[in-house]
Amino acid sequence: MRVKTAAGAVLVMAGGAILYEKMLRVPILTWGATADEAEARLPGDDLLEDADGVATRAITIDAPLADVWPWVAQMGPGPRGGAYTYDWIENLLGLNMHSADSVLPEYQHPRVGEGFGLGANRMTFQLVEPERVLALRSADGNWVWSFVLRDLDGRTRLISRNRFRLPRLRDRVGMIPMEPGSLLMERKMLYGIKGRAERLAAQAPRGE
């Protein structure tokens, strides 16, 4: 009886894995992005060519590049600006995230080679083009996170791309629950940047 139960559980798990791969994985990894954006080669991709996985998520922000860039530039654990997502979840993991609601002047000019700790990872700025691209890479080289900003006639298209390498079996297994979890966090982050940038744009003085 126990053998049958175990076999049934294996079949259920296998069926769930197939369903996830065929029907859910692509929408989870490409939330908000167009097919062209998901398939495009973006700045920062060359920092990790042989990626085992790629997540490309995007949002349109009703604010110019100049009002979006500050929130991207200052991201990171305290005393930086946080990640504009669920701080309490991140802080359960010891990430020391505190999402700022104001622009922090001291963190507006990230430089290549600088960076910050993110849990067990050390993230370093690898590509910095103000109001266009910010790309970071982990110390072990297995994760690259790039933000690409594109002008839409005064609005901004913000694309977040994660490229990751999974060198061990436990990494590949662990990524299965991480993918939907990352969508939960990153969707909140993109909306967090959107809300802050749009409020900043609304505060800007209007011409006569």
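**Exercise 1. Find which element gives the largest share of the lining of the largest pocket, then describe that lining.**

Solution.
- Step 1. Helix 5 gives the largest share of the lining of the largest pocket, with 12 residues. The model is a predicted one.
- Step 2. Take the whole lining. It holds 47 residues. Leu118, Asn121, Trp143, Met178 and Ser182 lie nearest the pocket centre.
- Step 3. List the elements that give two or more residues to this lining. Among them are strand 1 (53–61), helix 4 (87–92), strand 5 (143–152) and helix 5 (169–203).
- Step 4. Sort the lining residues by character. There are 27 nonpolar, 11 polar and nine charged residues.
- Step 5. Add the volume. The largest pocket holds about 1400 Å³ of space.

**Exercise 2. State which parts of the chain the salt bridge between Arg25 and Glu179 ties together.**

Solution.
- Step 1. Check the contact. The cut-off is 4 Å between a side-chain nitrogen of Lys or Arg and a carboxyl oxygen of Asp or Glu. The side chains of Arg25 and Glu179 meet at 2.7 Å, N to O.
- Step 2. Place the partners. Arg25 is in helix 1 (residues 2–29) and Glu179 is in helix 5, so the bridge ties together parts 154 residues apart in sequence.
- Step 3. Check the burial of Glu179. Its relative accessible area is 4%, so Glu179 is buried.

**Exercise 3. Decide whether Arg57 and Glu186 are buried or exposed, and say how they pair.**

Solution.
- Step 1. Recall the cut-off: buried means under 20% relative accessible area.
- Step 2. Apply it to Arg57. At 1% relative accessibility, Arg57 is buried.
- Step 3. Apply it to Glu186. At 6%, Glu186 is buried too.
- Step 4. Describe the pair. Arg57 and Glu186 form a salt bridge, with the closest N and O atoms 2.7 Å apart. Arg57 sits in strand 1 and Glu186 in helix 5, 129 residues apart, and the pair links these distant parts of the chain.

**Exercise 4. Work out the setting of the salt bridge between Arg155 and Asp62.**

Solution.
- Step 1. Take the distance. The side chains of Arg155 and Asp62 meet at 3.4 Å, N to O.
- Step 2. Place the partners. Arg155 lies in strand 6, and Asp62 in the loop between strand 1 and helix 3 (65–73), so the pair ties together parts 93 residues apart in sequence.
- Step 3. Check accessibility. Arg155 is partly exposed at 39%. Asp62 is partly exposed at 44%.
- Step 4. Look for a network elsewhere. Asp45, Arg161 and Arg163 are joined into one by salt bridges that share partners.
- Step 5. Give the total. The count comes to 12 salt bridges.

Definitions and conventions: Residues are numbered from 1 along each chain as its sequence is written. This is a predicted model: local features need pLDDT of at least 70, side-chain atom pairs count only at pLDDT 80 or more; totals for chains, interfaces and linings use all residues. Side-chain values use heavy atoms; hydrogens and water are left out. On a 1 Å grid over the protein atoms alone, a cavity is a set of points where a 1.4 Å probe fits but cannot get out, and a pocket is an open set with protein on both sides within 12 Å along at least five of seven lines; lining residues have an atom within 4 Å of a point. Grid points are joined across faces, edges and corners, and a volume is the space filled by probe spheres set on the points. Helices (H or I, at least four residues) and strands (E, at least two) are DSSP runs, numbered from the N terminus. Ala, Val, Leu, Ile, Met, Phe, Trp, Tyr, Cys and Pro count as nonpolar, Asp, Glu, Lys and Arg as charged, and the others, Gly among them, as polar. Buried means under 20% relative accessible area, exposed over 50%, partly exposed in between (1.4 Å probe, protein chains only).
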